[in-house]
Amino acid sequence: MQEALAAHKSAKVRARLAANKAVDSDILRQLLRDPEPDVRIALLRDWWMDRDMELELAQDKNVNVRFAVAANQHVGTAAQLLLANDPDESVRARLIERDSHFMFTLHSRAQEILAQDVEQDIRESLATYPKLKPSAQLLLAKDDEICVRIALARATRTGMEVACARMHNCSCCATRKAACIWRWLKTAGCLPQPRRCWPRTRWQA
């Protein structure tokens, strides 16, 4: 039955089959070669996704397919790195536009690649990414375009303001508030890199 549906003349039928989570892996592989982009896009999964298939879709000849992979909330690290280097600007931009999904964090290496993107709009968009890693922050802080640096400064300030608001509304004691907000800032990447504190010598005392 599945083989017959996979060979059906209607692309809508084949797409519905591709979206079915109970389809055999051999049939999915067959649909991965389907001539219709919508059928290949239907192979994407929200939670579980075969990483080998995902990599093939991330390198698909059709930009709409690659765009759909970039929009997936659970795209793997290897696919992220491919998409961060995608020749199409819209695919790279879509990788950043996650709608602040709490389950997804763009890999640090992918962030570093996008922080050096040739397109200013992408670097500026990355500067506002809520889970920006310190390594990407450092690259953006040295960006030649002032708009990128301003976006980074505003995003960092916003993160600090949110942290202060959380502390104000927290019902914990002062010590627990401080510890809670420190963890949040560290996760958000808002804390500066630690510096080594050398002991003062006798002549400096």
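# Exercises on a predicted helical protein

In this predicted model, residues 159–167 keep a pLDDT (the predictor's confidence in each residue, from 0 to 100) under 50, and the model gives them 14 contacts beyond four places in sequence; a contact means heavy atoms within 4.5 Å. Local features need pLDDT of at least 70, side-chain atom pairs count only at pLDDT 80 or more, and totals for chains, interfaces and linings use all residues. Residues are numbered from 1 along each chain as its sequence is written, and side-chain values use heavy atoms, with hydrogens and water left out.

## Exercise 1: Confidence

Find which element has the lowest mean pLDDT and which has the highest.

Solution.
- Step 1. Begin with the whole protein: its mean pLDDT is 83, and 73% of its residues reach 70 or more.
- Step 2. Now go through the elements. Helix H13 (residues 174–188) has the lowest mean, 55, and helix H9 (residues 108–115) the highest, 97.
- Step 3. Keep a reading rule in mind: where pLDDT is low, the predicted coordinates should not be read in detail.

## Exercise 2: The overall fold

Work out how many helices and how many strands the protein has.

Solution.
- Step 1. Helices (H or I, at least four residues) and strands (E, at least two) are DSSP runs, numbered from the N terminus.
- Step 2. Counting them gives 13 helices and zero strands.
- Step 3. For burial, use the relative accessible area: buried means under 20%, exposed over 50%, and partly exposed in between (1.4 Å probe, protein chains only). Of the 205 residues, 37% are buried.

## Exercise 3: Two helix pairs

Decide how H6 is oriented relative to H8, and H5 relative to H7.

Solution.
- Step 1. Two packed helices are described by the angle between their axes and the distance between the axes. Axes are lines fitted to C-alpha atoms, for helices over the stretch in contact, and angles run from 0 to 180 degrees between N-to-C directions.
- Step 2. The axes of H6 (residues 63–71) and H8 come within 8 Å and cross at roughly 15 degrees. That makes H6 roughly parallel to H8 (angles under 35 degrees count as roughly parallel, over 145 as roughly antiparallel, 65 to 115 as roughly perpendicular and the rest as oblique).
- Step 3. Look at who meets whom: residues of H6 including Val63 and Phe67 meet residues of H8, among them Val91 and Leu95.
- Step 4. For H5 and H7, the axes come within 9 Å and cross at roughly 5 degrees, and these two helices are therefore roughly parallel to each other. Glu54, Leu55 and Ala58 in H5 meet Ala78, Ala79, Leu82 and Leu83 in H7.

## Exercise 4: Arginine 92 and aspartate 117

Find what the side chain of aspartate 117 makes a polar contact with.

Solution.
- Step 1. Place the residues. Arginine 92 is in helix H8 (residues 89–96), while aspartate 117 lies in the loop between H9 and helix H10 (120–127).
- Step 2. Check burial: arginine 92 is buried at a relative accessible area of 7%, and aspartate 117 is buried at 8%.
- Step 3. A polar contact is a pair of N or O atoms within 3.5 Å; within protein, one must be able to donate a hydrogen and the other to accept it, and residues adjacent in sequence count only if both atoms are side-chain atoms. The partner of the aspartate 117 side chain is the side chain of arginine 92, at 2.5 Å.
- Step 4. The arginine 92 side chain also reaches the backbone oxygen of aspartate 86, at 2.7 Å.
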